[in-house]
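Reader: I would like a close look at one part of this structure. Please take me through the place where the two chains meet, and any enclosed spaces there.

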Amino acid sequence: MELFQFGFMRRALAAGMIVGVLCPLIGIFLVLRRMSLIGDSLSHVALAGVAAGIVSGVYPPAAALVFSVAAALGIEQLGKKYPEHAELAIAVILSAGIGTAVVLVSYAKSINIDLFGYLFGNILTVGPGDMWLIAALGSFILVFVGIYFRELFFIAFDEEGARIAGIPVKKINLLFTILVAMTITLSMRIVGALLVSSLMVIPVAAGIQTAKSFKHAVLMSVVFAQISVVLGIVFSYHLELASGGTIVLLSVVLLMLVLGFKSLSNK
Amino acid sequence: MNMEKLISIKNVSFSYGSRPVLENINLDIYRGDYMGIVGPNGSGKSTLLKLILGILKPAKGSIKVFGKSVDIFNRWERVGYVRQKASFFNLGFPATVEEVISANIHSGKGLFNTSVKRCRERVYEVLSHVNMEEYGGRLIGNLSGGQQQRVFIARALVNSPEVLFLDEPTVGIDLDSQREFYCLLEKLNVNMRITIVMVSHDIGVIAQKVNRIVCMGDGKLICHQNSSGEMIPEVLKKTYGDWISPIIHDH
């Protein structure tokens, strides 16, 4: 295909496909633990990190990674103060993220154009450095999930039961939250900070509808995400659209199709 | 006769904030016991179970599990736990019965310590104990309450535990399933020599099924006796209050 003659398109596709594995893989555990909002919260903090990186001259994805990991730790710590209101810590960190991003953007108005790509996703901006970062951290996340798959499944299904079974729930939860932060930072270039949590949630929503088992749900979520990412990148190139919005809209269309087929087959 | 002590609770007290829940509890659980812990809501029986399982930490006193302080005990595969039906998991969770049970298989450290084939064999072995072997591939959320509870017993049995704790296991389950459930527990206790400790508020049933009964009220241990199928009216009054009038029924 003509569009893959260009290096930036090959990079965008490779990065997109990695993101299309990581987002639903992490997202399914978030959705099943009813923690979908954490993705939104950390992506807004990551955006503040990007703004801080641009203002201070630091590589923005690295600054975003530091900010979002710090926010993930902040959610864990704040959550301990409100054990009966887990969503409160997430909402506080989300607000802090938006507040910081807005202050930094207003401090240096000239960064608005650079920030736009991080907000909504821009495939043209995936450089060789980004590609290496996505591949390296993506591999780390995959290995972690592979090693702790049983534990993550057990905690998502029955956290108290997992604790009684001797699983170090606190440690794994903390590491997992850091992985969520890493996944969001990696995915920002492709889908944008405002839409990254959608890629963690919508393909999973479709995958769960078709699932015959948990592993099947994971597989189908990844398949739906891959279809959305690949077609989204192709369409956004040809139609000159923001890649993030195109990918997310395609995943919504897929979800609607799945729900439609399911309700027809149940009749 | 010198019976082996599996769990030892000494002078244990616990509070939720400033509200005392348990006061100076002393209790030993021996190998082979089929024990029922009964009492009204808020009497502290589930809290006691959570303390034994290490989910909560006592404010005072000590708890030993298989001779070790619960703080440092790490052989949790020797202990099985079944919770109240359907109160803890999302019915839409896309997991099969096989996946739910195999998640509890204690495989030690590392990814490949227990082979997939061995795991499957073990899962279907415990499913056969609860007469559910044909349900391994079914989604857990699609089963009835009684079937789900059998799956959770199978999950608790998968590591061949020596003691099984059950917290209000028959709440929300129909009477036929309850009858089958108690038969299964008796089989596990008598045939497989598994020590069983069951928390319940249904004193009428528990008094007939178990061989040791512990009554709790207001965070205190009111009585602790071998069960002969009948409860002494004074003990019932102390546990549940003056308004109680015992009617023993069979399930």
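Author: Start with a sorting rule. Ala, Val, Leu, Ile, Met, Phe, Trp, Tyr, Cys and Pro count as nonpolar; Asp, Glu, Lys and Arg count as charged; the others, Gly among them, count as polar. By that rule, the lining of the second largest cavity has five nonpolar, three polar and two charged residues. Keep in mind that this is a predicted model.

Now the contact itself. Chain B brings 27 residues to it, and chain A brings 22 residues. Between them, the two chains bury about 2,100 Å². Carbon and sulfur atoms give 63% of that area. On the chain B side, three residues lose the most area to chain A: B:F93, B:P94 and B:A103. Together they make up 28% of what that side buries.

Next come the polar links. Three salt bridges join chain B and chain A. In one of them, the side chain of B:R83 meets that of A:E160, at 3.8 Å from N to O. There are also seven residue pairs in polar contact between the chains, counting pairs with both residues at pLDDT 80 or more.

Which elements of chain B give two or more residues to the side that touches chain A? They are α2 (97-102) and α4 (145-157). The largest share, three residues, comes from α2(B). By class, this side of chain B has 16 nonpolar, seven polar and four charged residues.

Now the enclosed spaces. The whole structure holds two cavities of 30 Å³ or more. The largest has about 150 Å³ of space. Its lining counts 15 residues. Those nearest its centre are A:G161, A:I164, A:A165, B:Y81 and B:N104. Three elements give two or more residues to this lining: α8 (159-164) of chain A, and β6 (79-82) and α4 of chain B. The largest share, three residues, comes from β6(B). Sorted by class, the lining of the largest cavity has seven nonpolar, four polar and four charged residues.

The second largest cavity has a volume of about 50 Å³. From chain A, its lining takes A:R150, A:F154, A:A165 and A:I167. From chain B come B:E77, B:A103, B:N104, B:I105, B:H106 and B:N159. Some names return here. B:A103 lines this second cavity, and B:A103 is also among the residues of chain B that lose the most area to chain A. A:A165 and B:N104 line the second cavity, and A:A165 and B:N104 also lie among those nearest the centre of the largest cavity.

Notes. Residues numbered from 1 in each chain as written. Chains lettered and ligands numbered in written order. Predicted model: local features only at pLDDT ≥ 70, side-chain atom pairs only at ≥ 80, totals over all residues. Heavy atoms only, no water. Contact = heavy atoms within 4.5 Å. Buried area = accessible area lost by both parts, 1.4 Å probe. Salt bridge = Lys/Arg side-chain N within 4 Å of Asp/Glu carboxyl O. Polar contact = N/O pair within 3.5 Å; in protein donor to acceptor, adjacent residues only side chain to side chain. Helix = DSSP H or I, 4+ residues; strand = E, 2+ residues; numbered from the N terminus. 1 Å grid on protein atoms, 1.4 Å probe; cavity = no way out; pocket = protein on both sides within 12 Å on 5 of 7 lines; lining within 4 Å. Points joined across faces, edges and corners; volume = space filled by probe spheres on them.
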